[in-house]
Amino acid sequence: MEWSNLLPELLDKIAHKHIVFYEDYHPFTRVCNSWLSTTKGRYSNGPPSRLPSLMLTEKKDDEEFRELFLLSNDTIRKIRLPEAFGKLCMSSCGWLVTVGDDHASQLINPLSREIFNLPKIDTFPEFLELSEWDNGIRKLVLVTNNPSSLPLVVVLWGCSGKLGFCWPGDNKWTAVDKGWGGKMLDITYFNGRIYSFDCNFHIRACDVYGENPTRMVGVSRLPVDIYAQDKELGGAYIIGLDDGTRKRLLVVIREGVLDDIQDELCEETYKTKSFQILEYDLASKRWSKVKDFGGKTLFVGYSSSFWIEDTTRVIKSNCIYFTDDVFVMYRGSKNGGGRDMGIYHLRDGTIEPHFAGKSRSNLTPPIWLETT
């Protein structure tokens with residue numbers, strides 16, 4: 001019997017059992033037309049990649065498609081995504097939140113192209129007086145492990161870096177406006193709470209499922225004897241880590257970004273030189289420095305941060321994969337953001353590229369698309 005003559009029921013069972021990742025899907029669909037049609041209904045753009053990918057910037061002459069750079073095999077994957085063209089994009093848990101110049105926002109799965117309408121960002125209080133549409137949302141975290149079947153969308157909004165959230169279907173965003181202690185640089189969902197790290201080196205927390213979901217409470221401040229605070233932060237990230245014995249919050253500070261900025265051409269000269277990793281133990285309430293991730297790899301940048309541990313060793317362990325998120329520098333530059341990216345090795349402090357091509361944008365530079 002020829003492969004093309006396999007019963008549709010058998011083909012369907014084979015596809016659903018073995019075609020889990022895009023890297024398997026592509027060879028499968030090349031066998032014949034019947035094999036291609038078997039997998040079409042699952043994802044309009046094909047299944048997820050085996051490892052994280054880098055969603056490249058949009059091309060002005062292509063409103064239909066976006067390119068993904070696959071870390072799994074250093075190839076380019078093209079997906080149909082007209083819903084994101086001309087919009088600010090952020091990613092979390094494999095989903096995108098987009099914002100348009102009409103202030104409309106959407107939650108989009110870039111592979112299945114499932115779409116949920118979110119409230120307009122100008123429903124944040126005093127938004128129009130404080131921010132422009134393309135500076136409306138700077139960070140995104142989706143909370144998927146909650147009692148609802150829909151994800152909770154949590155963001156940092158506006159120039160002042162405040163916290164807000166909504167559920168798909170809400171008619172306005174809810175602002176977390178109590179206990180704010182300064183511009184928040186990053187947020188994460190960990191241990192049942194939203195944690196933030198702000199420009200004043202404070203960790204604060206919000207219980208979005210508790211009795212006071214619009215209030216932030218102080219958790220801890222980074223001690224000066226752990227990290228000197230005499231320079232402006234070029235970027236910082238916060239992420240949780242639970243190894244089964246301890247629950248910790250890691251603060252990752254991006255260093256050297258603004259050190260050499262001296263003239264009007266500064267937007268093309270900024271460059272990350274190193275990272276410092278500090279941890280706060282939630283049980284002992286003590287700070288310490290981190291020098292090694294072991295087999296783990298951290299991804300940070302213009303969207304939510306995440307960990308992976310790749311046993312295939314395609315992804316370099318004990319490293320930080322970072323993208324360009326120095327918004328204050330690239331927004332007004334000629335070429336836009338996307339030049340300050342790479343792989344930082346904790347072992348020796350060296351930096352190497354993860355994407356050798358050129359992908360620049362003033363609106364949405366390359367962002368990580370997590371495999372979930």
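This passage describes two open sheets in a predicted model. Strands of a sheet pair through backbone hydrogen bonds, in a parallel or an antiparallel sense.

One open sheet is built from four strands, in the order β4-β5-β6-β7. Its pairing is antiparallel. The edges are held by β4 (88-92) and β7 (115-118). Each of these has a single partner strand, so one side of each is left without a neighbour in the sheet. Neighbouring strands here are turned by 20° against each other on average, with direction ignored.

The pairing at the β7 edge can be followed by residue. Strand β6 spans residues 105-108. Four bridges link β6 to β7, and the two strands pair in the antiparallel sense. Within this pairing, Ser-105 lies opposite Leu-118 of β7.

Another open sheet also holds four strands, ordered β8-β9-β10-β11. Here too the pairing is antiparallel. Strands β8 (137-143) and β11 (174-176) form the edges. Each edge strand pairs on one side only. In this sheet, the average turn between neighbouring strands is 25°, again with direction ignored.

Inside this order, β9 stands between β8 and β10. Strand β9 covers residues 152-157, and strand β10 covers residues 162-166. The two run antiparallel and are joined by five bridges. Val-155 faces Gly-164, a residue of β10, as its opposite number.

Note on methods
Residues numbered from 1 in each chain as written. Predicted model: local features only at pLDDT ≥ 70, side-chain atom pairs only at ≥ 80, totals over all residues. Heavy atoms only, no water. Pairing = 2+ DSSP bridges. Axes fitted to C-alpha atoms, helices over the stretch in contact; angles between N-to-C directions.
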